[in-house]
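Good morning, everyone. Please have the sequence and the model open in front of you. I will keep this brisk.

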Amino acid sequence: MKFLKAPLVAAMAGVSVLGLSLAVNPADTQAQSQTSVPIDVWALRDVVNAVQVSPDGKHLLVHKITSKEGEYLLEIYETDNLSEPLRRLNADPMEIIAARWVSDNYIFGTAWQQKRKTVKRPEQDTRDYLTYSYNLEENEFNTIRDGFQIINTLPNDPEHVLVATGNAIPNNSGVDPLAAFRPRAYYKFNLEKGAKSLILKGNSEFPVVQAFDNEGNPRFTSRFDTSDEKQKTYYRKPGDGSWTLVNEYDLEDPSNLYRILSGLHGVQGFDPDNPNIGYIIETLPGNDKAGLYEFDFDTGKIGKELFKPEDADVMGIQTHSIPGNNKLVAALYPGAKMERHWFDEEEKALYEALEQQIPYAHQISISSRSVDGKTMIVSNRGPHDPGSYWLVKDGKLAKLGSRNPLVNQDMLADVKYIRYPARDGLSIPAYVTVPKVGEPPFPLVVQHNGGPHVNGMVSYDEIGQFLASQGYMVLHPENRISVGWGKKHFDAGYGEHGLAMQDDKDDGVLYLIEQGLVDPDRVAFMGWSYGGYAALVAASREPQLYQCSVAVAAVADAEKQYYGRRNSDLKALDEWSKRRGMIGVNPINEVDKVNIPLLMVHGDVDRRVMYYHFKDYKEAFEEAGNSQGQFVTLEKADHFYNTLMYNHQQQLYTKLADYLANDCGQGGL
């Protein structure tokens, strides 16, 4: 397909069309070519959060904010007339936080509203959530009382969608391995009538279904059997009324924990020409990396290998970009970005054409496409693009908007993918953000975020880019236990919180110093969530590599966290949880060993790492007589990026910039 880089009629491009009104001095924004980006720009919530085309290609939905402290709106445009929205919708007194087309006429989504001022138990949100449907023809919202989550839009049945009871919150709240224990019910939901018919109800034996086909048939699941401490996987053929056992894995063996906690393994899709052939991600006996294989539902056996990377796991698949076309086109695996191993030359050529047309193309994705294939929304995200949205229609390409349209893409920093050796020889993948201005050796900030076992591949990382704009090189290590890099890499982190996992970070610093890229006297540590835990551990290490440490939303008392959240009958998961600081290093017990300046920041309504971590650590720190600590509370701030408002990010970035420049060791970093 050949694209003409020509604008569409009145295409939404730039700040003026988005209606963004910011209290940012225009001269400051223009000066980005010479200096760092103003903090007010970094502090923005995502300006354009989502864009999607309807299946018939006639309408776009745009989820966006119009001011720095405003709430998200939902706008509907006709693809033939982008000059003004056909509809501009809000959910007052709630805020629309998610929306997607489920048919030509219906949108499903989620809204939230602040209802509580405090968090009294783990995972208790201060917000209430509501699932809604919106009828475009009638211009009418309806509340979906059961809080359904869309499982499959059933492209061959435009009157229905497949839904499940349970959590209506979009999956942006981190890893929750215990979700597999909570029974869900699955229904076929009639869009016009609002009626539902039960397909399958989960129970204590089979709580959830992990894969449905496009006809709504349950096809694959797994369960944890507490009677014999095994994970068991099962399959069904269309029309079957019961599950058939595929495999079972002994969970008393810690080496099998990767199957539970990685979230990689299982059936991912189905051959559109043969419904009895599926595509499964599996780590076969004797292999270290997870590969993609065929699965034969007639025999219940794994068939031929389709692809297995040499240095990483297959983490997912990509099917054809036209909705309803289940054709396998690529396998996905981490590297410098989420790489694709292509099986389909036509889709490969389409992506290559898009990469040639979109500036700073990095992680290109066709996020939605019309059934006839003629209209599509393309997104890009990478080191030089906070996230942009593009409309392709009738062979022409036009930019619709950006998650942060005020950032000068030219001044964003490059990110390099490297590997370095840990002291025990393990190869550690990592991402290095290189400041746009200056020459090595640079001051360095080691940055680590949550998990700790989630894959932390860096595409566009706002904090990393913010730090680079201040002149700091940033190291984001994928230390042992990070998923996506093989079973050996994961297993090497078992029970190593604050120990070998921490060594991996330090070894990355030493590697960059040896390469002449980093000044050994100007190194700091910063982390969020588990990374905050690591920042507290870093503050008490000997020998000391860092001039200061910054701990955000930090797990400061791992033992109290364990006892406050212990809710698994599986011995293997319980032992795993104990090794997240009870066995290893618990920062609150090391407070008298802190030997560098420390900045601690925490939201007072954090549901994942509750506020007591901050208060208890601060009290212990002060009782130890240490005067090198600064403690900042973000009022009404939760744990996750999507819950942080403009004022939270402005406060955080302002304090972070000032602290590193002036209080990170003698003379600052």
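I will start with the whole chain, then go to two residues, one helix, and the empty spaces.

First, a caution: this is a predicted model. Every value you hear today is computed from that model.

Let's take the overall build. The protein has 13 helices and 35 strands. Its radius of gyration is 25 Å, and the globule rule gives 26 Å for 669 residues, so the protein is as compact as a globular protein of that length. Along the principal axes, the C-alpha trace spans about 65 × 65 × 50 Å.

How much of the protein counts as buried? The share is 57% of the 669 residues. Now the contacts. Take those with a separation of 6 or more: 57% of them join residues 24 or more positions apart. Then the surface. The accessible area is about 27200 Å², and carbon and sulfur atoms hold 45% of that.

Next, two single residues. Find Ile107 in strand 6, which runs over residues 106-114. Is Ile107 buried or exposed? Its relative accessibility is 0%, and buried means under 20%, so Ile107 counts as buried. What does Ile107 touch, beyond its neighbours within four places in sequence? The list is Leu61, Leu74, Ile76, Ala99, Arg100, Trp101, Tyr132, Ser133 and Tyr134. For a sense of scale, look across to Gly493. That residue is 386 residues from Ile107 along the chain, and their C-alpha atoms are 43 Å apart.

Now Asn256. This one sits in a loop, between strand 16 (244-250) and helix 4 (257-261). Asn256 has 15% relative accessibility, so it counts as buried too. Leave out residues up to four places away in sequence, and Asn256 touches Tyr249, Asp250 and Leu251.

On to helix 6, residues 462-469. Of its 8 residues, 7 are buried, so the helix is largely enclosed by the rest of the structure. The buried ones are Glu462, Ile463, Gly464, Gln465, Phe466, Leu467 and Ala468. Keep a general point in mind here. An α-helix has 3.6 residues a turn, so residues three or four places apart point the same way. Step just past the end of helix 6 and you meet Gly471, with a positive phi of about 100 degrees.

Now for the empty spaces, starting with the closed ones. How many cavities of 30 Å³ or more are there? The count is 3. The largest cavity has a volume of about 50 Å³. Its lining includes Trp528, Val552, His602, Asp606, His639 and Leu644. Strand 34 (residues 598-603) gives the largest share of that lining, 3 residues. By class, the lining has 7 nonpolar, 3 polar and 2 charged residues.

Last, an open space: the second largest pocket. This pocket holds about 350 Å³. It is lined by 18 residues, and those nearest its centre are Arg45, Glu71, Glu95, Gln114 and Met645. Which elements give two or more residues to this lining? They are strand 6 and helix 13 (646-662). You have met strand 6 already, as the home of Ile107. By class, this pocket's lining has 5 nonpolar, 6 polar and 7 charged residues.

That is the tour. Questions, please.

Key
Residues numbered from 1 in each chain as written. Predicted model: local features only at pLDDT ≥ 70, side-chain atom pairs only at ≥ 80, totals over all residues. Heavy atoms only, no water. 1 Å grid on protein atoms, 1.4 Å probe; cavity = no way out; pocket = protein on both sides within 12 Å on 5 of 7 lines; lining within 4 Å. Points joined across faces, edges and corners; volume = space filled by probe spheres on them. Helix = DSSP H or I, 4+ residues; strand = E, 2+ residues; numbered from the N terminus. Nonpolar A, V, L, I, M, F, W, Y, C, P; charged D, E, K, R; others polar. Rg over C-alpha atoms; globule rule 2.2 N^0.38 Å. Buried < 20%, exposed > 50% of the residue type's maximum accessible area, 1.4 Å probe, protein only. Contact = heavy atoms within 4.5 Å. Areas by Shrake-Rupley, 256 points an atom, 1.4 Å probe, with all protein chains shown as cover.
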